[in-house]
Amino acid sequence: MERFFKKAATPLIGTQGQETNRKRTRLDPNSNFEVPSDPGLRPPISNYDPNDHDFVRRQYLLAGPRQPMLQDFPQTLFGDKQRRFNKAWYNQYPYWLEYSIQEDAAYCLCCYLFKAENREGGGDAFTSVGFKNWKSKKSLDEHVGGLNSAYNVAVSKCQNLMKQEQSIQTVLEGQSKRSQNAYRLRLTATVNCIRFILRQGLAFRGNDESEGSSNRGNFLELLRFLADHNVMIEGVVLQNAPRNMKLVAPEIQKDVIAAAAVETTNKIMEELGDELFSVLVDESRDVSGKEQMAVILRFVNKQGSIVERFLAVVHVKETTSLSLKASLEELFCKHKLSFSRLRGQGYDGVSNMRGEFNGLKALILKENSSAYYVHCFAHQLQLVLVAVVEKHKRIATLFNTLLTAQNTVGASCQRSDKLRDERATEVKKALVEGDISSGTDLHQELFVYEECIGHN
């Protein structure tokens with residue numbers, strides 16, 4: 001009987017617009033969700049667990065539309081004319097228009113996030129397939145449509161999702177003005193503590209953060225210190241706060257830190273503006289065994305001063321020049337930077353960085369011949385020092401002697417104290433005789449200076 005019936009095709013897992021019976025795995029709220037840099041490579045929203053949809057959508061909206069500023073977009077033949085994507089469209093549709101380098105197609109961020117897969121009207125041109133009809137610019141206006149179009153409905157949902165103050169206002173709607181003020185004061189205290197710890201570069205967590213611990217970590221101890229010196233704050237934080245709204249959980253700390261990072265990066269981009277810049281790149285392995293690439297921007301600010309701004313640390317799976325360039329392109333795309341504005345690049349002397357043919361330097365120079373390469377001066381000094389030591393025995397003997405002396409003195413507290421006392425005696429004598437002068441930043445021990453002042 002089977003030959004008289006047509007078998008139903010098995011639904012493909014992860015295919016947009018099709019059902020799937022696969023049990024989806026929840027996202028870990030403590031892990032960093034990475035938004036794909038290319039719209040053509042991102043999976044459908046339906047691939048995520050339904051409980052994670054709003055979280056994923058919010059991450060996409062925080063990242064913003066992907067708008068790479070390529071120097072030359074690929075051309076496609078329409079009839080007898082070559083046409084391509086026009087980057088001026090970014091200015092006309094700044095909030096939703098995206099471009100995929102992988103697919104050479106345009107997408108709509110809002111429709112991707114909220115347009116129902118089975119909804120009629122608009123098709124999949126701006127969601128899954130991609131818009132490629134570069135000769136018909138009016139299709140972009142038609143996509144926006146009227147007040148009740150699929151696009152405007154999606155935009156409205158995006159705005160409602162990102163208006164966090166409205167949701168907070170709804171939660172606090174039935175509460176008194178006193179509760180609202182207490183929440184704002186508690187939030188302000190938490191943010192101020194986090195800002196201080198970030199500025200000082202300190203660790204947040206402690207080994208034991210229980211209430212009976214003598215040291216609960218920098219964040220909780222600082223918040224406790226702030227409460228002890230401010231009666232108003234003391235009444236709304238820690239044990240005086242509602243159990244479900246203490247605002248001290250690690251997730252809250254990470255959210256505030258992420259917000260601070262975004263604001264800092266936006267300030268750097270605002271300071272850079274449309275000016276030309278250089279990039280400094282170095283990669284190294286961190287304590288967790290991951291290869292990390294540090295990226296620094298160097299440019300002239302509006303006051304005419306040369307400044308260097310740390311932009312980001314990017315995790316790279318490989319250290320090949322192609323992998324490093326792809327990671328750098330993704331970072332530039334995220335912050336709407338272009339290689340055409342690059343005027344300098346500085347790395348160390350490793351082959352994957354400064355290789356004449358396949359190094360990162362060469363790959364960037366192929367796109368922009370004005371991005372001149374400068375070898376890192378610190379690395380040059382190290383190479384010169386190694387070369388000199390190899391050629392001159394006296395210099396090698398000097399460094400070996402210094403190393404031996406350091407190891408001999410440093411291994412014994414008695415030798416260290418004896419050397420320190422003899423050096424103090426020499427400094428004291430020189431100060432009395434006027435051979436050297438005392439003052440700030442002269443690296444003289446304080447007790448020696450005080451003894452000399454006493455003699456005078």
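Two strands count as a pair here when DSSP finds at least two bridges between them. Keep that in mind as we walk through this predicted model, starting with a small piece of it.

Strands E1 (75–78) and E2 (residues 81–84) clear that bar, pairing in the antiparallel sense over 4 bridges. Together E1 and E2 make a hairpin, with 2 residues between them. Look at the turn and you'll find Gly 79, which has a positive phi of about 70 degrees. Across the pairing, Thr 76 stands opposite Arg 83 in E2.

Just before E1 there's a loop that comes from helix H1 (53–63), and Phe 73 sits in it. What does Phe 73 pair with? Its partner is Tyr 99, and the two rings meet edge-to-face, 4.9 Å centre to centre with 85 degrees between the planes. This pair links distant parts of the chain, as Tyr 99 belongs to strand E3 (residues 97–100), 26 residues apart from Phe 73. Are these two residues buried or exposed? Phe 73 has a relative accessible area of 6%, so it counts as buried. Tyr 99 is buried too, at 1%.

Next, try Phe 85 and Trp 89. Their ring centres are 5.3 Å apart and their planes stand at 85 degrees, so this pair is edge-to-face. Both Phe 85 and Trp 89 are buried. These four residues belong to a wider cluster linked by ring pairs, which also takes in Tyr 90, Tyr 93, Trp 96, Phe 126, Phe 131, Trp 134 and Tyr 151. Over the whole structure, a search turns up 18 aromatic pairs. A ring can also have a charge over it: Arg 42 lies over the face of Tyr 112, at 4.0 Å from the ring centre.

Now follow the chain along to a sheet. Strands of a sheet pair through backbone hydrogen bonds, either parallel or antiparallel. In this one, 5 strands line up in the order E7-E6-E5-E8-E9, forming an open sheet with mixed pairing. Which strands are at the edges? They are E7 (306–315) and E9 (372–375), each pairing on one side only. From one strand to the next, the twist averages 25 degrees. At the E9 end, E8 (residues 342–347) runs parallel to E9, joined by 4 bridges. Look there for Gly 346, which stands opposite Val 374 in E9.

Helices lie across this sheet as well. Helix H11 (residues 321–334) lies across E5 (277–285), E6 (291–300) and E7, running at about 55 degrees to E6. Helix H13 (residues 360–367) lies across E8 and E9, at about 175 degrees to E8.

Our last stop is a pair of helices, H15 (residues 393–410) and H16 (residues 413–433). Their axes come within 6 Å and cross at roughly 110 degrees. Angles of 65 to 115 degrees count as roughly perpendicular, and H15 and H16 are therefore roughly perpendicular to each other. Thr 408, Val 409 and Gly 410 make the contact from H15, meeting Arg 415, Ser 416 and Leu 419 of H16.

H15 also holds Phe 399. With a relative accessible area of 38%, Phe 399 is partly exposed. Leaving aside residues up to four places away in sequence, Phe 399 touches Leu 385 and Val 389. The C-alpha atoms of Phe 399 and Val 389 are separated by 8.6 Å, with the two residues 10 apart along the chain.

Methods. Residues are numbered from 1 along each chain as its sequence is written. This is a predicted model: local features need pLDDT of at least 70, side-chain atom pairs count only at pLDDT 80 or more; totals for chains, interfaces and linings use all residues. Side-chain values use heavy atoms; hydrogens and water are left out. Rings of Phe, Tyr and Trp (its six-membered ring) pair if their centres lie within 6.5 Å; planes under 30 degrees apart count as stacked, over 60 as edge-to-face and the rest as tilted. Buried means under 20% relative accessible area, exposed over 50%, partly exposed in between (1.4 Å probe, protein chains only). A charge sits over a ring if NZ of Lys or CZ of Arg is within 6 Å of the ring centre and within 35 degrees of the ring normal. Axes are lines fitted to C-alpha atoms, for helices over the stretch in contact, and angles run from 0 to 180 degrees between N-to-C directions. Contact means heavy atoms within 4.5 Å. Angles under 35 degrees count as roughly parallel, over 145 as roughly antiparallel, 65 to 115 as roughly perpendicular and the rest as oblique.
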